[in-house]
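This briefing concerns a single structure and is arranged by topic. Please read it alongside the sequence and the model shown below.

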Amino acid sequence: MQKTILITGATSGFGEACARLFARENWKLILTGRRSDQLRKLQDELAVDSHILIQDVRDREAVKNDIANLPESFQSIDVLVNNAGLALGLGPAQEADLEQWETMVDTNIKGLMYCTRFILPGMVQRNSGHIINIGSVAGNWPYPGGNVYGATKAFVKQFSHNLRADLLGTNIRVSNIEPGFAETEFSIVRFKGDKEKADEIYSGLQPLRAEDIADIVFWLTTQLPHVNINRVEVMPVCQSCGPFAIHREGE
Ligand code: NDP
Ligand code: 8X3
(Lines give C-alpha, C1' and ligand atoms only; values in the text may rest on other atoms or scores of the structure.)
(Ligands and ions follow the chains in the order given, each with its own letter.)
Protein backbone atom coordinates (compact mmCIF):
# COMPACT_ATOMS: atom_id res chain seq x y z
CA MET A 1 0.00 0.00 0.00
CA GLN A 2 1.17 3.53 -0.81
CA LYS A 3 2.63 5.23 2.26
CA THR A 4 2.18 8.83 3.42
CA ILE A 5 4.90 11.15 4.69
CA LEU A 6 4.42 14.60 6.25
CA ILE A 7 7.47 16.82 5.86
CA THR A 8 7.55 20.14 7.70
CA GLY A 9 9.56 22.92 6.06
CA ALA A 10 9.41 21.50 2.54
CA THR A 11 9.93 24.82 0.74
CA SER A 12 13.72 24.52 0.60
CA GLY A 13 16.78 22.60 1.76
CA PHE A 14 16.44 19.20 3.44
CA GLY A 15 12.62 19.27 3.39
CA GLU A 16 12.42 19.95 -0.34
CA ALA A 17 15.05 17.27 -1.07
CA CYS A 18 13.03 14.79 1.02
CA ALA A 19 9.87 15.71 -0.92
CA ARG A 20 11.61 15.04 -4.23
CA LEU A 21 13.09 11.73 -3.09
CA PHE A 22 9.90 10.36 -1.55
CA ALA A 23 7.95 11.47 -4.64
CA ARG A 24 10.34 9.41 -6.79
CA GLU A 25 9.62 6.50 -4.46
CA ASN A 26 5.91 7.06 -5.04
CA TRP A 27 4.92 8.03 -1.50
CA LYS A 28 1.96 10.31 -0.85
CA LEU A 29 3.21 13.68 0.38
CA ILE A 30 1.96 16.23 2.87
CA LEU A 31 4.24 19.25 2.54
CA THR A 32 4.24 22.21 4.90
CA GLY A 33 5.86 25.63 5.09
CA ARG A 34 5.07 29.32 5.15
CA ARG A 35 6.06 30.21 1.58
CA SER A 36 2.97 29.29 -0.39
CA ASP A 37 4.46 29.98 -3.85
CA GLN A 38 7.31 27.54 -3.30
CA LEU A 39 4.96 24.90 -1.93
CA ARG A 40 2.55 25.22 -4.85
CA LYS A 41 5.39 25.15 -7.38
CA LEU A 42 6.85 22.03 -5.79
CA GLN A 43 3.46 20.35 -5.65
CA ASP A 44 2.90 21.07 -9.36
CA GLU A 45 6.31 19.72 -10.23
CA LEU A 46 6.03 16.45 -8.31
CA ALA A 47 3.85 13.99 -10.10
CA VAL A 48 2.45 12.26 -7.02
CA ASP A 49 -0.57 12.48 -4.82
CA SER A 50 0.19 15.41 -2.51
CA HIS A 51 -1.41 17.84 -0.12
CA ILE A 52 0.10 21.14 0.97
CA LEU A 53 -0.36 22.98 4.24
CA ILE A 54 0.61 26.62 4.22
CA GLN A 55 1.44 26.76 7.83
CA ASP A 56 3.66 28.40 10.43
CA VAL A 57 4.68 25.65 12.86
CA ARG A 58 4.72 28.21 15.67
CA ASP A 59 0.96 28.60 15.40
CA ARG A 60 -0.37 25.85 17.66
CA GLU A 61 -4.04 26.21 16.68
CA ALA A 62 -3.22 26.25 12.97
CA VAL A 63 -1.13 23.08 13.28
CA LYS A 64 -3.89 21.43 15.30
CA ASN A 65 -6.64 22.38 12.81
CA ASP A 66 -4.59 21.49 9.75
CA ILE A 67 -3.88 18.00 11.08
CA ALA A 68 -7.47 17.50 12.27
CA ASN A 69 -8.82 18.54 8.86
CA LEU A 70 -6.57 16.56 6.55
CA PRO A 71 -8.42 15.00 3.61
CA GLU A 72 -9.34 11.43 4.45
CA SER A 73 -6.84 9.89 2.05
CA PHE A 74 -3.98 11.74 3.84
CA GLN A 75 -5.00 11.04 7.42
CA SER A 76 -2.89 7.93 8.02
CA ILE A 77 0.57 9.43 8.32
CA ASP A 78 3.28 6.78 8.23
CA VAL A 79 6.27 9.09 8.61
CA LEU A 80 6.54 12.56 10.13
CA VAL A 81 9.73 14.44 9.33
CA ASN A 82 10.06 17.27 11.82
CA ASN A 83 12.39 19.36 9.71
CA ALA A 84 11.15 22.99 9.87
CA GLY A 85 13.69 25.02 11.78
CA LEU A 86 16.25 27.75 11.68
CA ALA A 87 19.24 29.43 13.26
CA LEU A 88 19.33 33.19 13.66
CA GLY A 89 22.58 35.01 14.33
CA LEU A 90 26.02 33.78 15.31
CA GLY A 91 27.01 36.36 17.88
CA PRO A 92 27.95 35.86 21.54
CA ALA A 93 25.16 35.32 24.07
CA GLN A 94 25.78 38.61 25.84
CA GLU A 95 24.99 40.50 22.63
CA ALA A 96 22.19 38.29 21.32
CA ASP A 97 18.82 39.56 20.20
CA LEU A 98 16.16 38.04 22.45
CA GLU A 99 13.62 38.14 19.62
CA GLN A 100 15.90 35.85 17.62
CA TRP A 101 16.35 33.51 20.57
CA GLU A 102 12.58 33.32 21.03
CA THR A 103 12.00 32.67 17.34
CA MET A 104 14.40 29.72 17.46
CA VAL A 105 12.75 28.32 20.59
CA ASP A 106 9.26 28.82 19.14
CA THR A 107 10.14 27.16 15.84
CA ASN A 108 12.72 24.48 16.62
CA ILE A 109 11.26 23.41 19.98
CA LYS A 110 7.62 24.43 20.23
CA GLY A 111 6.75 23.94 16.54
CA LEU A 112 8.29 20.48 16.61
CA MET A 113 6.36 19.71 19.81
CA TYR A 114 3.04 20.78 18.22
CA CYS A 115 3.50 18.70 15.07
CA THR A 116 4.50 15.68 17.11
CA ARG A 117 1.70 16.03 19.65
CA PHE A 118 -1.04 16.36 17.02
CA ILE A 119 0.19 13.55 14.77
CA LEU A 120 1.30 11.00 17.37
CA PRO A 121 -2.16 9.92 18.62
CA GLY A 122 -3.08 8.67 15.13
CA MET A 123 0.16 6.70 14.97
CA VAL A 124 -0.49 5.18 18.39
CA GLN A 125 -4.04 4.29 17.38
CA ARG A 126 -2.76 2.50 14.27
CA ASN A 127 0.23 1.12 16.23
CA SER A 128 2.44 2.17 13.36
CA GLY A 129 4.55 5.16 12.38
CA HIS A 130 7.96 6.78 12.36
CA ILE A 131 8.93 10.19 13.67
CA ILE A 132 12.15 11.47 12.16
CA ASN A 133 13.46 14.61 13.81
CA ILE A 134 16.10 16.87 12.32
CA GLY A 135 18.47 17.76 15.12
CA SER A 136 22.02 18.99 14.54
CA VAL A 137 25.62 18.47 15.53
CA ALA A 138 25.01 21.81 17.26
CA GLY A 139 22.92 19.88 19.81
CA ASN A 140 25.90 17.66 20.62
CA TRP A 141 28.89 19.97 20.45
CA PRO A 142 29.37 23.59 21.51
CA TYR A 143 30.70 26.29 19.20
CA PRO A 144 30.96 30.05 19.66
CA GLY A 145 27.66 31.66 18.69
CA GLY A 146 25.79 28.36 18.79
CA ASN A 147 24.19 29.33 22.13
CA VAL A 148 20.39 29.03 21.82
CA TYR A 149 20.35 27.35 18.40
CA GLY A 150 22.48 24.46 19.72
CA ALA A 151 20.36 24.30 22.86
CA THR A 152 17.17 23.92 20.80
CA LYS A 153 18.76 21.00 18.96
CA ALA A 154 19.84 19.42 22.26
CA PHE A 155 16.16 19.56 23.17
CA VAL A 156 15.29 17.78 19.91
CA LYS A 157 17.77 15.00 20.72
CA GLN A 158 16.51 14.43 24.27
CA PHE A 159 12.88 14.73 23.18
CA SER A 160 13.56 12.01 20.60
CA HIS A 161 15.02 9.71 23.29
CA ASN A 162 12.12 10.43 25.63
CA LEU A 163 9.54 9.75 22.92
CA ARG A 164 11.09 6.32 22.50
CA ALA A 165 10.70 5.75 26.23
CA ASP A 166 7.00 6.68 26.10
CA LEU A 167 6.39 4.61 22.96
CA LEU A 168 7.99 1.43 24.24
CA GLY A 169 5.55 -1.40 23.62
CA THR A 170 4.27 0.17 20.39
CA ASN A 171 5.63 -0.33 16.86
CA ILE A 172 6.34 3.38 16.46
CA ARG A 173 9.88 4.36 15.65
CA VAL A 174 11.72 7.58 16.52
CA SER A 175 14.99 8.71 14.99
CA ASN A 176 17.05 11.88 15.29
CA ILE A 177 19.32 12.95 12.43
CA GLU A 178 22.11 15.27 13.53
CA PRO A 179 23.71 16.90 10.47
CA GLY A 180 26.75 19.13 10.40
CA PHE A 181 27.63 21.68 7.78
CA ALA A 182 25.12 21.48 4.90
CA GLU A 183 24.51 23.97 2.10
CA THR A 184 20.85 24.97 1.97
CA GLU A 185 19.13 28.29 2.67
CA PHE A 186 20.14 27.78 6.32
CA SER A 187 22.99 30.33 6.35
CA ILE A 188 21.06 32.87 4.26
CA VAL A 189 18.37 32.77 6.96
CA ARG A 190 20.96 32.81 9.75
CA PHE A 191 22.54 35.96 8.30
CA LYS A 192 19.24 37.73 7.59
CA GLY A 193 19.31 37.32 3.81
CA ASP A 194 23.00 38.24 3.36
CA LYS A 195 23.72 35.79 0.54
CA GLU A 196 27.34 36.90 0.13
CA LYS A 197 28.09 36.13 3.78
CA ALA A 198 26.25 32.83 3.50
CA ASP A 199 28.20 31.87 0.36
CA GLU A 200 31.50 32.58 2.15
CA ILE A 201 30.59 29.94 4.74
CA TYR A 202 30.61 27.22 2.07
CA SER A 203 33.41 28.47 -0.17
CA GLY A 204 36.45 26.26 -0.70
CA LEU A 205 34.91 23.16 0.81
CA GLN A 206 32.41 20.42 0.06
CA PRO A 207 29.54 20.71 2.54
CA LEU A 208 26.79 18.12 2.89
CA ARG A 209 24.07 18.49 0.25
CA ALA A 210 20.37 18.49 1.07
CA GLU A 211 20.11 15.27 -0.97
CA ASP A 212 22.57 13.56 1.43
CA ILE A 213 20.18 14.15 4.31
CA ALA A 214 17.17 13.06 2.24
CA ASP A 215 19.01 9.79 1.50
CA ILE A 216 19.44 9.21 5.24
CA VAL A 217 15.78 9.97 5.92
CA PHE A 218 14.79 7.45 3.26
CA TRP A 219 17.27 4.85 4.53
CA LEU A 220 15.75 5.15 8.02
CA THR A 221 12.31 4.36 6.62
CA THR A 222 13.56 1.27 4.79
CA GLN A 223 14.82 -0.57 7.87
CA LEU A 224 13.02 -3.75 8.84
CA PRO A 225 10.13 -3.01 11.23
CA HIS A 226 12.00 -4.33 14.29
CA VAL A 227 14.94 -1.94 13.76
CA ASN A 228 15.00 1.55 15.28
CA ILE A 229 17.95 3.78 14.41
CA ASN A 230 18.00 6.13 17.41
CA ARG A 231 20.46 8.73 16.15
CA VAL A 232 22.51 9.47 13.06
CA GLU A 233 25.22 12.10 13.43
CA VAL A 234 26.62 13.08 10.05
CA MET A 235 29.24 15.62 8.97
CA PRO A 236 30.94 16.37 5.67
CA VAL A 237 34.48 14.99 5.56
CA CYS A 238 35.82 18.56 5.70
CA GLN A 239 34.29 19.12 9.15
CA SER A 240 35.52 17.77 12.48
CA CYS A 241 35.39 18.55 16.20
CA GLY A 242 37.88 21.05 17.58
CA PRO A 243 40.08 20.68 20.64
CA PHE A 244 39.03 22.20 23.99
CA ALA A 245 39.64 25.93 23.92
CA ILE A 246 41.92 27.35 26.62
CA HIS A 247 42.35 31.02 27.35
CA ARG A 248 45.71 32.10 28.81
CA GLU A 249 46.16 35.35 30.68
CA GLY A 250 47.56 38.04 28.44
CA GLU A 251 46.29 36.52 25.20
P1 NDP B 1 16.41 25.89 4.93
O2 NDP B 1 16.44 27.28 5.44
O3 NDP B 1 16.76 25.62 3.52
O4 NDP B 1 14.98 25.22 5.23
C5 NDP B 1 14.28 25.48 6.41
C6 NDP B 1 12.82 25.09 6.22
O7 NDP B 1 12.15 25.31 7.46
C8 NDP B 1 12.12 25.91 5.14
O9 NDP B 1 11.32 25.08 4.36
C10 NDP B 1 11.25 26.86 5.95
O11 NDP B 1 10.04 27.13 5.25
C12 NDP B 1 10.96 26.03 7.19
N13 NDP B 1 10.57 26.87 8.32
C14 NDP B 1 11.33 27.74 9.01
N15 NDP B 1 10.58 28.36 9.94
C16 NDP B 1 9.32 27.88 9.81
C17 NDP B 1 8.08 28.14 10.46
N18 NDP B 1 7.99 29.03 11.46
N19 NDP B 1 6.98 27.45 10.08
C20 NDP B 1 7.05 26.55 9.08
N21 NDP B 1 8.19 26.25 8.43
C22 NDP B 1 9.31 26.92 8.79
O23 NDP B 1 17.40 25.09 5.90
P24 NDP B 1 17.71 23.52 6.09
O25 NDP B 1 17.07 22.70 5.07
O26 NDP B 1 19.18 23.44 6.25
O27 NDP B 1 17.06 23.29 7.52
C28 NDP B 1 16.18 22.23 7.80
C29 NDP B 1 16.44 21.75 9.22
O30 NDP B 1 17.75 21.23 9.30
C31 NDP B 1 16.37 22.85 10.28
O32 NDP B 1 15.72 22.32 11.41
C33 NDP B 1 17.83 23.12 10.60
O34 NDP B 1 18.01 23.60 11.89
C35 NDP B 1 18.42 21.76 10.42
N36 NDP B 1 19.86 21.67 10.18
C37 NDP B 1 20.46 22.33 9.15
C38 NDP B 1 21.82 22.18 8.93
C39 NDP B 1 22.54 22.92 7.88
O40 NDP B 1 23.78 23.11 7.99
N41 NDP B 1 21.90 23.35 6.82
C42 NDP B 1 22.61 21.26 9.74
C43 NDP B 1 21.89 20.64 10.82
C44 NDP B 1 20.57 20.82 11.00
P45 NDP B 1 9.34 28.57 5.13
O46 NDP B 1 10.40 29.61 5.24
O47 NDP B 1 8.68 28.52 3.79
O48 NDP B 1 8.35 28.59 6.23
C1 8X3 C 1 23.49 23.46 11.55
C2 8X3 C 1 24.88 22.99 11.64
O3 8X3 C 1 27.17 23.52 12.59
O4 8X3 C 1 25.99 25.29 11.39
O5 8X3 C 1 22.70 22.86 12.52
O6 8X3 C 1 25.25 24.61 13.58
S7 8X3 C 1 25.86 24.17 12.34
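In this predicted model, the second largest pocket has a lining of 13 residues, and those nearest its centre are K3, S128, G129, H130 and R173. The points below describe this pocket further, and then turn to an open sheet of seven strands.

**Second largest pocket**
- The volume of the second largest pocket is about 220 Å³.
- By residue class, its lining comprises seven polar, three charged and three nonpolar residues.

**Sheet architecture**
- Seven strands form an open sheet with parallel pairing, in the order β3-β2-β1-β4-β5-β6-β9.
- The edges of this sheet are β3 (50-54) and β9 (231-234), each of which pairs on one side only.
- On average, neighbouring strands of the sheet are turned by 15° against each other, with direction ignored.

**Edge strand β3 and its partner**
- Five bridges connect β3 with strand β2 (residues 28-33), and the two strands pair in the parallel sense.
- Within this pairing, L29 is placed opposite S50 of β3, while I30 stands opposite H51 of β3.
- Because four of its five residues are buried, β3 is largely enclosed by the rest of the structure; buried here denotes under 20% relative accessible area.

**Helix packing on the sheet**
- Helix α4 (residues 98-126) lies across three strands, namely β1 (4-7), β4 (79-82) and β5 (130-134).
- Relative to β4, helix α4 runs at about 175°.

Note on methods:
Residues are numbered from 1 along each chain as its sequence is written. Chains are lettered from A and ligands numbered from 1 in the order in which they are written. This is a predicted model: local features need pLDDT of at least 70, side-chain atom pairs count only at pLDDT 80 or more; totals for chains, interfaces and linings use all residues. Side-chain values use heavy atoms; hydrogens and water are left out. Two strands pair if DSSP finds at least two bridges between them. Axes are lines fitted to C-alpha atoms, for helices over the stretch in contact, and angles run from 0 to 180 degrees between N-to-C directions. Contact means heavy atoms within 4.5 Å. On a 1 Å grid over the protein atoms alone, a cavity is a set of points where a 1.4 Å probe fits but cannot get out, and a pocket is an open set with protein on both sides within 12 Å along at least five of seven lines; lining residues have an atom within 4 Å of a point. Grid points are joined across faces, edges and corners, and a volume is the space filled by probe spheres set on the points. Ala, Val, Leu, Ile, Met, Phe, Trp, Tyr, Cys and Pro count as nonpolar, Asp, Glu, Lys and Arg as charged, and the others, Gly among them, as polar. Buried means under 20% relative accessible area, exposed over 50%, partly exposed in between (1.4 Å probe, protein chains only).
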